[in-house]
Amino acid sequence: MLSVNGIHTFYGLSHILFDVSLTVSQGEIVGLLGRNGAGKSTTMRSIMGLTPPRQGTITFKAEPITRQKAFLLVRRGIAYVPDDRRVFADLSVDDNLEITFRRNEDWNKERVYDLFPVLGEIKSRRGGNLSGGEQQMLAVGRALMSSPELLLLDEPTEGLAPLIVRDLEKQILKLRETGISILLSEQNVKSALKLISRVYVIDNGRIRFEGSLADFEANEEIKKKYLMI
Amino acid sequence: MATLNIRGKESWLVPILFILLLVFPLVLTRFYTYLLALIFVSGLAAMSLNLVLGYGGIYQFHHAVFYGVGAYGAALTITKLGYSPWIGFLVGPLLAAFISLVMGAICVRLSKLYFGMLQISLGSLVWAIVYRWYSFTGGDDGIHGVSMPDLIGSTTGSYYFTLLVTAACLIAMYLIVKSPFGSALQGIRDNPVRSEAVGVNVKLHQLVALVIAGFFAGVAGVLFIVVDNSAFPDMLFWTLSLEILIMCLLGGWLTFLGPMLGAAMMVALRTFASTFTEYWTLIQGIILMLVIIFLPEGVLGYVNAKFKQLGNLASGGKA
């Protein structure tokens, strides 16, 4: 479904990603694991067209999407939940959901509120007044409003209380059941391992490991060297 | 969210205010009726700017251009082309919207201050054309004595026309601000990148907002013709843009009706303070400084916050 082939991404003159390649197939959750500053978010931003790669190609459903504008990618079926999960602080929960581009009627506000009942109770509250967990749910819900086929989730559990992390994990698994493919970037390896079926490990802008969950679990060296577990 | 904030318990304020405004010309002298009409005109211009400035976060520094183009569009259609004033009233706003579309399409590629600077330059170009093209626009002299239909020819007639059109424009703008388009616009103000990531075509949204704002500024320009029967190049000069901007800041640029209040303060200040001293802008400057220091969200922003506090207290602290 998504295929990233040898991308090189720069911030100004700094070379951040080196020859990063990865794939995500229909209906699977793929983990992109790495330490802080490893290049996880930059990979996400490169795919989403927010920091376009200088070299390499990205295809989605066999069509090239390299360097396409973010809003056009949303219309093609990719949704992105950024790591700083900034919701629109001045808009209500309802309005935050409403401004998303709707590709079709698969997802609507009611369905988002079904998935995250907490949000349904605070529809008219300002985004800026939500707790961290609520903001994260809203950010995921907002992404779902575009009825995506591929969801880019950048560190959804960052800075959340363990109880809320567990809640969120359940909801992400529920999403997989609906057939959405997810590329999940995480520092919190323990949480990610409960969700994903395949693993990429990234460090210093290079993919260091690629394989199934079982391969990863068995590979102590990789875990120790790049993730310090 | 920055809103009208006269909902709920205070919603009766709007009809009462409107009825009062309807009755005013019966009790006020012609001068005050004219002054009120002028406040509506300036207020509408300021509110149209606030649509893109306050709600869209777009630094439209030279908004008076569209106000002036609206006025000239109507005045020239009536005096030079000889069409009925009613047609002129339509041509003005449409021309302003068109100019806004052209300027917007060029400027929208840039953001923040760079947008503002390019917009000032392009706006000044329009001003220069109007100022220099003596044979068509009357140059420095402007256009005077634009004839109006009998119905709105008198001071009272023009007042009611201005009041009704302004009210209609406010309702239209309120609906726009409350629509999903309005939410998206505020989302763009908060964070354009994030908006793009949820599928909003940021540049297109901004352009549409600019055209809408240009249109309403054009309406304000037409209303000025109705009230004053004249158009002059100063209506497109950048100092007037600054004045409109100050109205927004003074009244509260994050509130819906703030700019209207700012306009009332500015027009009143200019009228009354200038009878005492020719240095009335000094008074204006001091007031503006005080507002910025003590009421950074403008006068209406402050009042709204106080209302909210009172409401919270009344409901036992529940927000």
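**A walk through chain A**

In chain A, 45% of the 229 residues count as buried (20 or more other C-beta atoms, placed from the backbone, lie within 10 Å of the residue's own; 12 or fewer make it exposed, and anything in between partly exposed). What you are looking at is a predicted model, where local features need pLDDT of at least 70 and side-chain atom pairs count only at pLDDT 80 or more, while totals for chains, interfaces and linings use all residues. Residues are numbered from 1 along each chain as its sequence is written, and chains are lettered from A and ligands numbered from 1 in the order in which they are written.

Let us begin with confidence. The average pLDDT of chain A (the predictor's confidence in each residue, from 0 to 100) is 90, and 100% of the residues score at least 70. Within chain A, the highest mean, 94, belongs to strand β4 (residues 55–60) of chain A, and the lowest, 84, to α10(A).

Now for the overall build. Ten helices and ten strands make up the secondary structure of chain A (both are DSSP runs numbered from the N terminus: H or I over at least four residues for helices, E over at least two for strands). If you follow the C-alpha trace of chain A along its principal axes, it spans about 45 × 35 × 30 Å. Among the contacts in chain A with a separation of 6 or more, 69% are between residues 24 or more positions apart; a contact means that two C-beta atoms, placed from the backbone, lie within 7 Å.

A good place to go next is the open sheet of six strands. Its order is β6-β7-β8-β3-β9-β10 (chain A), and its pairing is mixed (two strands pair if DSSP finds at least two bridges between them). At the edges stand β6 and β10 (206–212) of chain A; each has a single partner strand, so one side of each is left without a neighbour in the sheet.

Moving inward, we find strand β7 (residues 150–154) of chain A running parallel to strand β8 (residues 181–186) of chain A, with five bridges joining them. Across this pairing, Leu153(A) stands opposite Leu184(A) in β8(A). On from there, β8(A) is also joined to β3(A) by five bridges, and these two strands run parallel as well. In this second pairing, Ile29(A) has Ile182(A) of β8(A) as its bridge partner. Next to it, β3(A) pairs with β9(A) over four bridges, in the parallel sense. Here the bridge partner of Val30(A) is Arg198(A) in β9(A).

How many of the five residues of β3(A) are buried? Five of the five are, and the strand is mostly covered. Both faces of β3(A) share in this: Ile29(A), Gly31(A) and Leu33(A) are buried on one side, and Val30(A) and Leu32(A) on the other. Which strands of this sheet does helix α10 (residues 220–227) of chain A touch? Packing on the sheet, helix α10 of chain A touches β3 (29–33), β9 (198–203) and β10 of chain A.

The second open sheet has four strands in the order β2-β1-β4-β5 (chain A), and here the pairing is antiparallel. Its edges are formed by β2 (14–24) and β5 (63–64) of chain A, each with a single partner strand, so one side of each is left without a neighbour in the sheet. Between these edges, strand β1 (residues 2–11) of chain A runs antiparallel to β4(A), and five bridges join the two. One of the residues involved is Asn5(A), whose bridge partner in β4(A) is Thr57(A). Helix α1 (residues 40–47) of chain A lies across β1, β2 and β4 of chain A.

Let us pause at a single residue, Asp83(A). You can find Asp83(A) in the loop between β6 (78–81) and α3 (93–98) of chain A. Why does Asp83(A) count as partly exposed? The reason is that Asp83(A) has 18 C-beta neighbours inside 10 Å. Apart from its neighbours within four places in sequence, Asp83(A) is in contact with Ser41(A), Asp154(A), Glu155(A) and Glu158(A). From Asp83(A) to Gln136(A) there are 53 residues in sequence, while in space the two lie 9.2 Å apart, C-alpha to C-alpha.

Finally, look at where chain A meets chain B. Their contact takes 22 residues from chain A and 17 residues from chain B. On the side of chain B that touches chain A, the elements giving two or more residues are α8 (180–190) and α9 (192–197) of chain B. The largest share of that side, six residues, comes from α8(B).

How values were computed:
Axes are lines fitted to C-alpha atoms, for helices over the stretch in contact, and angles run from 0 to 180 degrees between N-to-C directions.
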